Amino acid sequence: MSRNELISPEGLRLDGRRANELRRHTAKLGPLSQADGSAFLQHGHTKALAAVYGPREPRHRAHAMHDRAYLNIEFNIAPFATGERKKRNKSDKRLLEMAHFVKQTFEPVIMTRLYPRSQIDLYIQILQDDGGALHAAINASTLALIHAGIPMKDYVCAVSVCCYKDASLLDLNRMEENTEHADLTVAVLPKSGDISLLQMESRLHADKLSDLMDLSIAGCRQIWKTLDGVVRENGEEEQQKASEVSMVLEK
Amino acid sequence: MSSTIPPLPAEAIKKLLPETYHQSFIQKGVRPDGRGFQDFRPTAVHYGAITSADGSALVRLGGTTVVCGIKAEVAVPEPTQPTQGYFTPNVELGPMCSARFKPGAPSETAQVLSQQLNTLSLGVLDRDDLCIEPGQAVWALYADVLCLNYDGGALDACQLAVTAALRNLRLGKATFNEEEGAVRANARESQGVPIKAQVYTSTFGVLESGQCLADPSEAEGSLVRSTVSVSVSDQGRLVAVWKQGGQGCDVALIRACLDQAQERRAILESLLAPEASS
Amino acid sequence: MSELVVPGQRLGHTDQLVPGTGTFARGDLVYASVVGQVRRTDLPNGPEGKMQVTVHREKEASTVPEVDGIVVGTVLRVNPRAATLSIQVVGERTCTNEFNGVIRVEDIRATEKDKVKMTESFRPGDVVRAQVVSLGDARSYYLSTAKNILGVLHAKSLAGAPMYPVSWREMKCSQTGGIELRKCAKPF
């Protein structure tokens, strides 16, 4: 396999995955005690942490909206997250853009109208970035928001896909992301199948789009299964704990 | 509205009258989390948590979680100190780790912490060990410490994380090519950095009554009138002492803190002992 | 133990169910919006054959003060017209995030409103129980203490010692025995 080939003649990718295979992904609910809700998520070597505070009093008066909550998102990438050290400024355009994407993804899903004049803060920290920081951030945010008990219409699951020659690759790692092939990040509401975010910044033949969409929706459903499993497990634990507490109180 | 009002839950007393809440525990000789006055919170170190860093460690001190990642770069030394490399610690206490910290520019607390870590690092690393070619190239180590969850004891946790990340650090064998004027690092022959001495920091909170609490948590901070941070090296030598806060305290009390810090040092040493370069 | 549901999970048809807290309706269907247990309750005055469905969380989301709700907070600032509170308890639950509330001088007590003086009612640091009057301006909730059970619960005297109430408008220092004026809440 030459240096520039992303897929071997046997149909395997650089890290040994098949074209339509996700990286190993694991999630944990509530790793942080200070936040109202938090989650840690790992897609291969990409590690994302999300924390939710709120609903709380808006920090700036201008942010208070009389009919719904203001959603404030901060996206941060650790200086040691990538191969080369990068100290990013808080006002780095790339970070602001990422935060904006996450905001747009979640704004229609979170039922902000239940909390007028308040603010919900969502802080995202990418600890290690081996490709797919945006979709890892969205998946981690879904879990953190659910953990915080913010009412939502559905989960949001996201994944990246890329069109490479005749094949479509799912869940790109850093090497695959850094090529000039068109890649897109898709966020899906798995229950209704609605697309919440679609981001693509390079040229792609229009005929290929529907294939890529099908692949990404299939990928999102797989991720959804993992997230759902973690949420249900956590929910049952909480129930268990609550029933133990009430038993102690009855004694 | 009904005329019966539910009594305040214990959780509410803790929030509304933190001093009364904590005082009632202290008077009985215990702390709200069940510790004795001299007990530190459970501490754990996880080496190599960040694989994209050249050296990293995740440290938990009770509810406080910090992660330190060290990145190494090749830099040109200062003309006045041609053999000295750079070590730059930077602490980030973002709004993620506690509702106490606001978004925006680094807080004063974070800047003070970065400076304290820098001071302590002088006893840990010999800057001359970071030299690749005098006057041409040296290693610049950036130690970024992110606080993920804040519950007091930031200096202790950050210093432990930096120490552990330095032990975990692997640098490629660097050679300076005179013709190209560039440095080549061979990642296969990686090696650690020589560490002069490991420095361990222990913080104590002094109450108004003159009693001393080891490793005060964030909630206990409301009672603490001044703090004493003691840093000792693995040879048992004193590296730094910071006493902060308005209330003066006895020399005897500081001496007691020194003794406790020495005891704590032995525990931290065994905690860090497992092989760092996994 | 009842069934655990997750956001987006379908709970039933709007023909039979009325969506309550923790749920929402889209089209003809009712879905859950939080993780928790489903509860179906009869509606006393509701339409025939319909039940209200709610989803209850074990770990509650942080609370927001509601109009008519009882809150407890600490007095931050006092000026002749109003006292500013940091609300820390809503109903029986503590809030993780603090909200600001304002008690205007005319809302301190129910009678002789024009004679009330702020300095004879609250001091910074007092712990006060109050009722939410309205959502107020963008910055804070408007609160009232114009009921016997509302007012100062805990306060410290000038000497720094706790005080106990001796009448509805006086508190006595436990150390010096000095009397200070407050709008006290009736102890149970």
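pLDDT is the predictor's confidence in each residue, from 0 to 100. I note at the start that I am reading a predicted model.

**Entry: confidence**

I looked up the scores of the whole model and found ipTM 0.89 and pTM 0.88. For chain C, I read an average pLDDT of 86, with 93% of the residues scoring at least 70. I then asked which element of chain C has the lowest mean pLDDT. Strand β10 of chain C, residues 93–104, has that place with a mean of 81. At the other end I found strand β5 of chain C, residues 29–32, with the highest mean, 94. I keep a reminder here that predicted coordinates should not be read in detail where pLDDT is low.

**Entry: chain B**

I counted the elements of chain B and got 5 helices and 12 strands. I took the extent of the C-alpha trace of chain B along its principal axes, which is about 90 × 50 × 35 Å. Of the 278 residues in chain B, 44% are buried. I also checked how far apart in sequence the contacting residues of chain B are: among contacts with a separation of 6 or more, 67% join residues 24 or more positions apart.

**Entry: contact of chain A with chain C**

How many residues does each chain put into this contact? I found 31 residues from chain A and 25 residues from chain C. On the side of chain A that touches chain C, the elements giving two or more residues are β3 (46–56), α2 (133–148) and α4 (206–250) of chain A. The most comes from α4(A), with 9 residues. I sorted the chain A side by residue class and got 13 nonpolar, 6 polar and 12 charged.

**Entry: helix α2(A)**

I compared the length of α2(A) with what its residue count predicts. At 1.5 Å a residue, its 16 residues should span 22 Å, and the end C-alpha atoms are 22 Å apart, so the two agree. I next looked at how covered α2(A) is, and 16 of its 16 residues are buried. Just after α2(A), I found A:Gly149 with a positive phi of about 80°.

**Entry: backbone exceptions**

I searched for departures from the usual backbone, since most residues other than glycine have a negative phi and most peptide bonds are trans.

The peptide bond from A:Gly54 to A:Pro55 is cis, and I read its omega as near 5°. I placed A:Pro55 in strand β3 of chain A.

A:Asp171 is not a glycine, yet I found its phi positive, near 55°. I located A:Asp171 in the loop between β7 (167–170) and α3 (174–177) of chain A. Is A:Asp171 buried or exposed? I counted 28 other C-beta atoms within 10 Å of A:Asp171, and 20 or more makes a residue buried, so A:Asp171 is buried.

C:Asp68 also has a positive phi without being glycine, and I read the angle as near 80°. C:Asp68 sits in the loop between β7 (51–56) and β8 (70–78) of chain C. Around C:Asp68 I counted 10 other C-beta atoms within 10 Å; the cut-off for exposed is 12 or fewer, so C:Asp68 is exposed.

**Entry: domains of chain C**

I looked up the domain assignment of chain C, which gives domain 1 as 4–56 and domain 2 as 70–181. I took the distance between the C-alpha centres of domain 1 and domain 2 of chain C, and they lie 39 Å apart.

Technical notes
Residues numbered from 1 in each chain as written. Chains lettered and ligands numbered in written order. Predicted model: local features only at pLDDT ≥ 70, side-chain atom pairs only at ≥ 80, totals over all residues. Contact = placed C-beta atoms within 7 Å. Helix = DSSP H or I, 4+ residues; strand = E, 2+ residues; numbered from the N terminus. Nonpolar A, V, L, I, M, F, W, Y, C, P; charged D, E, K, R; others polar. Domains from an automatic or database assignment. Expected span 1.5 Å × (residues − 1).
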